[in-house]
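This report covers the ligand site and the salt bridges of one protein model.

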Amino acid sequence: MMFRKSVYLFSPLMDLKIDRSTEDFLLRLYYPYDGVGLKRRPKYHGLTKTWQCSCTYSKIIEQLRQHPGGSVDLLKDNNTGIATITINNPEKKNAISGKMMVDLEECVSELENWVDGKGLILTGKDKTFCSGGDLGTVRNILSNGDDMCKFMHHVTTRLYNLPLISVALVDGYALGGGAELITACDFRLITPRAKIGFIHVKLNIGTGFGGTTRLVQQIGRIKTLQVLSSGMVMNTDLAKKIGLVDEILDNNENTLEQGKTWLLEHCKGSVTTTRVIKQMVLAGEKLDTDASLLEERKLFKSVWGNKLHAAAVSKKSKHS
Ligand SMILES: CCCC(=O)SCCNC(=O)CCNC(=O)[C@H](O)C(C)(C)COP(=O)(O)OP(=O)(O)OC[C@H]1O[C@@H](n2cnc3c(N)ncnc32)[C@H](O)[C@@H]1OP(=O)(O)O
């Protein structure tokens, strides 16, 4: 205690932490209420100041940008509340370059701030979803895959946690990292042309975009092992049979429209209600029971008795 007071006497408390999601360094200074030496400077009492030194994160972004090719494009429709992210590198079957990983992060950032959104479709350009990591990028970063892996874990986790109901719309190939991306959405819709393969084993690697962690949660341990250890490329029937896919769309040209119609059926509520439902489900999945119930209560309180709830209740006059 004496030691702490003597520290307070001359300086605020200081600690250095690492933000686990970004690996950024956080330097925190805490000015204690009872700091003896701070009595003459009460305006600092109880304040915490945090500096985020994002050198690691921005360095990774800078490095990934050096591997060009393609783009990942975001289109937001404020009328329907449905956004579309398109993986766009058709000359390489929508392989995802370093630059496209950064594009994806920027799309996710923009969606995190899109308060009018309800749903998201993740799709690929020209009848293919994504053939995985761009082998050009992969070749160039053979000596340091760890940074890419860390970055893509961060991006796909944020994609998964968006307060939007998300759908991966798969036409053609979803291979390697492309197959991993579909696990970062809530639902998976595929066309009869779809071929899904966690083919990493053929390149003597494991998943690098967080795919195994999510796949185990989605289809279970044994099926995940079967899929990953064989590198099998699944057709629609098999993908549906193992529980990876929610719906097989018709074999026609209007895949995106079909996907939007399906998604809108699952976004029946207002923007607020839809986002509350998604956040309640995330809490149920990620938190322990008590913490999830607390979150559910908080979210429930945010919609109970609001204008839309009151209007819906008043329509039910027959039951009053
Ligand atoms: C942590 C993530 C790690 C990973 O993602 S590992 C998985 C990496 N992905 C792969 O190994 C898939 C490689 N691609 C393929 O197997 C085939 O291209 C694929 C997707 C089945 C399509 O086959 P086809 O329809 O016969 O088309 P194709 O082979 O002629 O390809 C057309 C052009 O696209 C290129 N391409 C396809 N996938 C690519 C990739 N991942 N990276 C870089 N280039 C890629 C391919 O080289 C070809 O280019 P070009 O026309 O010969 O100049």
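A salt bridge is here a side-chain nitrogen of Lys or Arg within 4 Å of a carboxyl oxygen of Asp or Glu. In this predicted model, the count by that rule comes to twelve salt bridges. Three of them are listed below with the N to O distance.

| Pair | Closest N and O atoms |
|---|---|
| Glu110 and Lys76 | 3.0 Å |
| Asp171 and Arg193 | 2.9 Å |
| Lys278 and Asp186 | 3.0 Å |

Lys278 lies in helix H11 (residues 271-286) and Asp186 in the loop between H6 and S9, so this salt bridge ties together parts 92 residues apart in sequence. Lys278 counts as buried, because its relative accessibility is 5% and the limit is under 20%. Asp186, with a relative accessible area of 24%, is partly exposed. In the pair of Asp171 and Arg193, Asp171 is buried at 9% relative accessibility, whereas Arg193 is partly exposed at 30%. A network of salt bridges links Glu105, Glu112 and Arg158.

Helix H3 (residues 98-112) has 15 residues; at 1.5 Å a residue these should span 21 Å, which agrees with the 22 Å between its end C-alpha atoms. Its buried residues include Met100, Val102, Glu105 and Leu111.

The ligand is surrounded by 19 residues, and the closest are Glu91, Ser131, Gly133, Leu135 and Gly177. This shell divides into eight nonpolar, six polar and five charged residues. Strand S8 (173-175) and helix H6 (177-182) each supply at least two residues of the shell. A backbone N or O atom of Ser131 lies 2.8 Å from a ligand nitrogen atom, and a polar backbone atom of Gly133 is 2.8 Å from a ligand oxygen atom. Taken alone, the ligand exposes 970 Å², of which the protein buries 59%.

Notes
Residues numbered from 1 in each chain as written. Predicted model: local features only at pLDDT ≥ 70, side-chain atom pairs only at ≥ 80, totals over all residues. Heavy atoms only, no water. Helix = DSSP H or I, 4+ residues; strand = E, 2+ residues; numbered from the N terminus. Expected span 1.5 Å × (residues − 1). Buried < 20%, exposed > 50% of the residue type's maximum accessible area, 1.4 Å probe, protein only. Near = heavy atom within 4 Å. Polar contact = N/O pair within 3.5 Å; in protein donor to acceptor, adjacent residues only side chain to side chain. Areas by Shrake-Rupley, 256 points an atom, 1.4 Å probe, with all protein chains shown as cover. Nonpolar A, V, L, I, M, F, W, Y, C, P; charged D, E, K, R; others polar.
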